[in-house]
Structures are given as structure tokens and as C-alpha cells.
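User: Hi! Could you walk me through this structure with a few questions and answers?

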Amino acid sequence: MSYCEGSIVRIKLDNVLTYDSVEFQCGPRLNVIIGPNGTGKSTIVCAICLGLAGKPSLLGRANHPTDFIKYGCKKACIELELYNQDGQNYIVKREISKEAPTNKWWVNGRSATQKNIEELVARLNIQVGNLTQFLPQEKVADFAKMTEIDLLENTEKAVGSPDMFERHQQLKDSRSSARELETDHERLIERLNVERQKNARVEQDVRSYEERNKILQEIKTLKIKKVWVEYEEKRQLFYQHRTERKTVEAELKTLRDAHAPLRRGIEECRAKKDDIASQVKAKSRELRIVAEQASANANALDGLTDKSVEIRSEMRFKQEQEDARKRRLQDLRRQLEALENDIQSLDDTVDVQPQIEQLNKSLREVTQNLAQVNHQGDSIRMERDKHQRDHALIEKDLKSLRNIENQRLELLRTRHKDTYSAVVWLRENKKMFKGTIHEPIMLCVNMRNPQQAKFLENHVSFNDLRAFVCETSEDLNLFMDLMRDEQKLRVNAVKAPADVNLEETRPSKPIQFYSKFGFQTYLRDMFTCPDAVMRFLCRQYRVHNIPVGTAATKQQVGNIIQQHPELTCFYTEDSQYQIKRSRYDNSVSSRNIKLKQPSLLTTSMNYERERELVKQQQVESAAVSQKEQEYKELQDRSKQLDQQLNKLREEKKQLMMRKDQKKRLQSQIESKKKTILTVEHEALNMEEEERKVRVKVAEVNESKLRLLTQYVENTGRCLELCKDKVFLGVSHAEAVRACTSMEEENRGQTQALQQAESKFERLREREERCKREARQQLADARKESNLGTNDELPQALMQEMAHLPENVDALNALIDEKQVRADLTIVADPRVIQEFQKRQVEIEKLERELAEKERQLATHQADIEEAKAHWIGPLQELIEKINTKFSFFFQCLKCVGEVDLHVPDNPEEYSKYGVRIKVKFRDSEPLKELSPFHQSGGERSVTTVLYMMALQEIARVPFRCVDEINQGMDPVNERKVFELVVTTVCTMSSSQYFLLTPKLLPDLEYAEEMTVLCVYNGSNMLNHTEWDLNKFIKNGRPLDE
């Protein structure tokens, strides 16, 4: 037996996970690696993957190579020797260090890069990412869970030609592109048909529109011809009017020369008449001035007469005032006499002062009581206002505190909408359940310190954090039925264990027992939640026994593992540590995971604070109600005291009025006497007043005499001026008669002149009007023809108008005829025409795009058919080969198995192609597709093993690794599968094979080509360099004897 190219000859590990140092040789065929769980079997698989530049994610254990360094060490080393049939074997060495940023690589002792290693591995056809060649323990379940589609893709990658999988992906991508092309093609056809239909509906309107535009253009030409003809007619008429005007102008000049002497005489006569008229006006002005002076004298006389009357009226008024004073004096004396009689009849025997003093005492008592009540009311009101302010502040704090719950609910809506919808539904339908259904754990849990949320989020899975917690099985079943069947919601729900007593779920040891390692609290003490939720977390996640430490804890992890084996899980400041102990030799393996940043529980609500605030709110509400009642009672008491106080004040007022009546009468008598004296002093001396009046009247009469003399003089002057004005008026009348006589004589001579002038003006105006009309007609003609001031008519337009009539009436007739035709044509909306034209351009563009799209579609379809021909044939041949091997292996187990290519209903749906596996383990059953519903877990494991063996027989690779694939098989199937593996690998295959298992059945058949590697681990193990098999055999011979 010899190794094939790329097989593993030797493996050496230093400080890799459970190994301090190990080195062993591998057989060229089947290598069975057996050992108890936790001894390091899977570590060998991990070392092979990492040593051949595989990614840690392929192993499903950790995300970084440094996680595979043995705990307490700073670096690890992996060395693999690969067979080279052409010379020296390839020795690949990798050093992983926590301190160095990158790993170090060597090939045959020479430094290399990871890319060099990847190129070497690819050249040797080693595929650590191919599950058919390299199947670690963590990936076995993933292989069994593959769908038909996933199975086909992995089969193509594993045993297909190098370009088979790429062609399949190309076909799927091409199918997507084809769908897009077909969609674009259909969309273009639809758009083109829509645009064509739109244009077809208005095509007749467009034709009518074009025909009408042609007629309108002809009408426009006729109108241009018409305005030019009208202009020519106006121009000829203007020349005719100018000739007539010049003839009449010569006749008018002759008449004006003959009429000149008579006009000069008339002008002299008019000048004389105007001079006399000027003199008459001067006399009139002088007469008006003198008349105004006489009128002023008359008005002054009237004013003096009025003043004399006013003086006498004033004297009569004073006489009337004196008479009124005397009557008032008599009235005052009668009133004084009545008051003196009243004071004499007043009774002084009753003394009201004691009653007033008693009332004053009562008033003081009531006032003191009222002040006391008001003071108490103010105090109670201030206390009530204080309680109201405190109540408002508590309400504000409660709203702020409860808003945290809304934030968590909104976060749940974004992370898992179905669970959010279920929470909303549950809050409205709680009465449907017998017991309490708690909302998702992430809403119920409240972290005491939000910064500690990372520990709980990393410890409890998200599926459980969003799970509802039911207290009874009946409510759990009813709730899940309602969610799945009626609400169509995907939610999680769990049942709180009824047999867990929170008082009994105490830590096995108090936290002080571990405090020397930096542990401060247990995970349970970091949060609060309802009892049912806490029971579930204690049972499922043991939160009451998970200690949480600080940064100092991380430095003592080794001591913790060594001294406290009871701790299988604990936390440091930023990591989770999980400890596993072998049941065989008590060896320890640890795993640490870096904590992810929290995102769900960082917003926490203090429920104790909420309960405290609710209690305070209730206390403040009760206090406000009590103070309101006390304040109302004091207000009623205050109103009663106010009424009593007002009544006492009225009684006092009446007594005070009785007490002061005599003083008031005496005061009134004194006042009346003073008034009488004042009225007596106001008496007038009527004789003196009459003397003053006579003096004033004499002064007025003297002034009237002077004014009367001036009035007589002004009246005489007015009479003389009137006479002069009359004489001038007679002279003016004679001048007017002379002018009239000469004008009558002139009128007869000027009649002909006026007629000639009138005719001349009419002709001149007619000429000017015709000239303006001709100019306007010319401007209209140029405007109608779109010509500038100095532009000439275009030659084409002149030729077009040459055959048209030269008569306006004929042109009007043609215009009317054309206009009638245009009016009878259906008028389309110009916007419709514009849209038609735009659509016509768009249709042409769409037709070009459609032709190009059809060309692309045809080319693309041809490419797809060509790619499909290169893919489907080799694939069918490959599936047939797999089926042959798979069926053979099942026959060896006395079962039936088939593998075929599943082709979807639409063969063009390349993303739906898959590998379909049918199996039959019992004669009484028909062939059934492999699924979790038809076969047991062991049967599925057997099928997976046999399918992988079928693939492995086809795939030519240097070696294969399978880790614990026999797990879950019953002994019968495990024995059959093992024997089949031995037969296939040792007799039919040329590749190397690594089979890892924690156990083997007794009495299995082995082959000479097998190599069995037993893995042991423990504190008493020898170093591999000290292992001497010959010495062991020698020492063992006496025992045999």
C-alpha cells in the first residue's frame, strides 16, 4: 500500500486545545481515531483544517484561530506532512500566537504566506470547505438538514467538474436576467400598444386638424391679398382728394383779397365799443365801493340799535334776579323755623350707647373668628396646593419611568414583529385564559443595573427572551393554538415549572465563598422579574448558580477551574467561560466566548421605584381630597360669619343714626343760618343799576348820530355815479348799433367766403383722413404679411397672390367660402394634436427599443440554451453515477435507495433543481423521499453516511475526514455501515480516510489496511517522545507466560 498525492503522513501538535504535545503517523487508507469524549479526537480534525489554511468558521466552534490555543498558553503550533510522489514530502507548519497580529507559515522549513499554502492545497485538490471531504462534528447535523436544492449545490461543489457549479449559478443568474428581459419586453409591447391605441383614437381628428390648417393658411393668403388691394384703393383715393383740395384753396384766396377793406372798418368800430365798455366798468366799480360804505353805515346803525335793546334787557334780568333772591330768603327762614321746632320736640331720655358697646364687642368677636377661619383656610389651601404639586411631580416621574416599557416594546416590534403583534393581542384578550400569561421575558425582566444586561442577553437565547411564559399547560396549548391557527403568528411560549420553589433555588454556596476570585454576585441577583419567569430561568438556565465576576476574575480562571470543579459556567467582565469535564478521566476542557454588546435589556424599569411612586401618588391623592373637604367646610363657616358680621354692622348703623340725630339737626340749623346771611349779602342796588343803564343808552345814541351823517353823504355820492353810468351806457349803445350795421353789411359779403372756407376745411380734413387711413392700411398690410417697415413682399408670396382676384368683393367671397369650409371641419384641441405628435415620436423610439430588446432576448436565450447543454448533461451523468454507488451501498445493507435529479415543473427555473433521495428500509414499505417525517433519526444518519460515501467514491481527493457520523445509529445499522466503510475504503478506494468515533461495537470486522489510533488523555500520560512500543512488548512477555 502507498499513499496518494496529498495524503497526510504525519501530524504533530503543540499546545492545541487539549494537547500539550503529540505526534503520530497516519495510515494510507482507513484511519479510525477512537477515544472517549473530551480527549481530543475533534481537536485532530480542527488541526487538519487550520493547518491547511482553513477558516475557523468551517469548524463551527470559534471565530478566531487564537481560540484553539490551549488554555494558559500564548501560542500553538500545527505541523502536517503531506505525501509527494515526486520527491520530498510537503511539511506544512503553522504557528498561531496571541501576541503576534498574524500567523507564521513554513513549507519544508522555508517561510511562506497563507496564500502560498492555499495555492499548494488547491494544487493537491484538498478541499477543507467541502463537506464530502471534510465533515467536522459540528457540521454533521447541517449536512443532514440540507434541502434538495442545497444538496444539489453542495454535490456540484463536491464532485462536479470545476465549472459545473459555476455554470449552475450562471444559469440561475441568466434566468433572473431573462425574466428581467422578458418583463422589459412585455412592458415595452404594452407601452407601445397603449401609445398606438391612444394615437389611433385621435388620428381622424389629426387629419381634420391638418386639413383645416391648410384651409386657414389659404384664408390667410387671401386676407393678405385683400389688405394690399384695399391699401392700393386708399392710395388712389388720397391722390384724388389732394387734387380737389388744391383747386378750392385757390378760389378761397381770391375771395379773401376782395373782403379785406370792410373787415378793417368793423375792427375800428369794435375798438371804440370796447373803450366805452371799459369806462362803464370803471364807474360800476366806484359805485359798488360807495354803496358798500353806505351799507356798512346802515349795518353799524342796526348794531347800535341792538346794543341799546340789549342794555335794557340786561336791566330787566337783574330786576328778576333780585325778586328771586327775596323769595329764596323767605323760604330759608321758613326752613330754619321748622328745624328749630324739630330740635325742641326731640326726646333725649333714651341712651343707645350701651347697645352700641355690646354690638362693638360682638363685632370684634365675629371679626376675630372670621380672621381665624380665613387663616386656617389659607393654610389648608396652601397644603392642598402642595399636595397637588407633589401629585403632579409623581405622575410625571411615573410617565417617565413607564416610557421605558414602551421603548422595549418598540424594540421588540423592530426585532420580531409577530411577537410584538402577539403582545398587543394578549393585552386585549387576557380574560380568555384561566391563569396568567406573562409577556415575553425581555419585557418582564428588569435589570437592576442596565450596564449588566450583557450577561443575561448572552446567557439566555433570543428565542427564549421573546418567549411568553404560561403558568399552566392548558393556557400554553390554548395560546399557541390561537397564535398559530387564528392569528397566523410565529411566536414562542414556554411553561413555568410548577415544582420549582424560589425559596429553595438558592445558590449552592454564598457568593462570599467565591469573592476572593473577584465574583461579586450571581446572575439571578442582577435582575427582577415575575416569579413564574424566574422559575423558568432558574430551571432552564440555572441563573441562581451562575456567578459573575470582574476584570480580576479573568486573571484567575485557571485557579477557579482547578479549585472549584462545581462551576461549569461563569462570567468575567467581558467573557463567558464554559467548563467540561470528561466522565472517563476527569480531564477538563474549557471554552471562552467574548460577550456581545447588549441590545434588548439596556433600557430597564425600576419596578420597586414604580410601586413606591404609586403608593406616594395614592397618599397624595387622599391628602388632596381631605384638604379639599376641610377647605370647603371652612368656606361654609366663613360665609356664615360674613352674614353675622353684616347683620351686626347694620344694627350698629341704626343705633348710631339715632344717637347722632340731635347733632345733625343742630348742624343743619347752623348751615341754614349761614346760607341766609349769604343770600342777604347778595342784595342789589336797583337805583344805581338804573342810573348806569341811562348813561350807556346816551353813549349809544351819540354814536348812531355820527353814523347817520356818514350814511347820508355816501347815499348822495351813489346817486351822482349812477347818472354818469347812464350817460356812458347810452354812448355804448350807439357804438353797438354802428357795429351791428357794419357787420350786417359784411355778412352778405362773407357768406361766399365762409362757404369757400368750409368747403376747403372739409376737403383738407377728408384728405388728411384718407392719408391716415392709407398709412394705417399699409401698416395693416405689412403686419398681415409679417413684414418690417422697409421689407419687401417675398417673391413666393407675390407669385402665390398673382393668380388671386384684384377685387375686394371677389376676395371677400373667396374668404367667406374658405371660412365656411374651415368652420364645417371638426376643430380638435391643440393639446390633443401636441400629445399625438409627442406620442408619435415616442412610438418610433419604443419600436427601436423593442427591436433591440427582442434581439437581446434572442441572444440571451441562445446563451442560456448553450450553457444548459453544457450543464444538464454532465449533471445527469454525475447523478447517475451517484445513484449507482448509492444504490449499491443500500443493497449491501439489504435496503433500497435511489438518487435522481429533481426537475421543476418549469425546466427554466434553474434555482429549483435539486437532488432527491428516496429510501426504503423495510420490504413492506414503498420508496419514500428522505425527510424528518418519514424516517427515524438513525435512518437519516445511515442515509447521510451512504450518500457521502457515494460522493466520496466519485470525488478524487487525497483524504477525507468524518467526525462521529455514527452517532444516533442503532447497533445493527452502525455495524453494517462500519463494515461497508471498511470494505469500500480498504479495497475499492485509493484515498485516505479518517473516521472519528468515541466508541466501536464489539466483534467488528477489520482489515489489514486499517490504522487504529487510540486517543487517551490524563495526568499520567507519557510524552509521545517517550513512547516505545517494543519496550512495552518486551515488558509484557513475562506476564503472558
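User: Glad to have it on screen. How many helices and strands does the secondary structure of the chain come to?
Analyst: Happy to help, and do keep in mind that this is a predicted model. Counting along the chain, its secondary structure comes to 24 helices and 24 strands.

User: Is the chain compact or spread out, going by its radius of gyration?
Analyst: Start with the box filled by the C-alpha atoms, which is roughly 195 × 140 × 65 Å along the principal axes. For 1041 residues the globule rule gives 31 Å, while the radius of gyration is 65 Å, well over that value. The chain is therefore, next to a compact globule, more spread out.

User: What share of the residues in the chain is buried?
Analyst: Here a residue is buried if its relative accessible area is under 20%. Of the 1041 residues in the chain, the buried ones make up 39%.

User: Are the axes of α8 and α12 parallel, perpendicular or oblique?
Analyst: Helix α8 spans residues 417-428 and helix α12 spans residues 473-486. Their axes come within 12 Å and cross at roughly 125°. That angle is why α8 counts, relative to α12, as oblique.

User: Which kind of residue makes the contact of α8 with α12: nonpolar, polar or charged?
Analyst: The crossing of α8 past α12 is right-handed. From α8 come A422, W425 and L426, and from α12 come F479, L482 and M483. With no polar and no charged residues in the contact, the 6 residues there are nonpolar.

Technical notes. Residues are numbered from 1 along each chain as its sequence is written. This is a predicted model: local features need pLDDT of at least 70, side-chain atom pairs count only at pLDDT 80 or more; totals for chains, interfaces and linings use all residues. Side-chain values use heavy atoms; hydrogens and water are left out. Axes are lines fitted to C-alpha atoms, for helices over the stretch in contact, and angles run from 0 to 180 degrees between N-to-C directions. Helices (H or I, at least four residues) and strands (E, at least two) are DSSP runs, numbered from the N terminus. Angles under 35 degrees count as roughly parallel, over 145 as roughly antiparallel, 65 to 115 as roughly perpendicular and the rest as oblique. A crossing is left-handed if the near helix is turned anticlockwise from the far one by less than a right angle, and right-handed if clockwise. Contact means heavy atoms within 4.5 Å. Ala, Val, Leu, Ile, Met, Phe, Trp, Tyr, Cys and Pro count as nonpolar, Asp, Glu, Lys and Arg as charged, and the others, Gly among them, as polar. The radius of gyration is taken over C-alpha atoms; the globule rule is 2.2 Å times the number of residues to the power 0.38. Buried means under 20% relative accessible area, exposed over 50%, partly exposed in between (1.4 Å probe, protein chains only).
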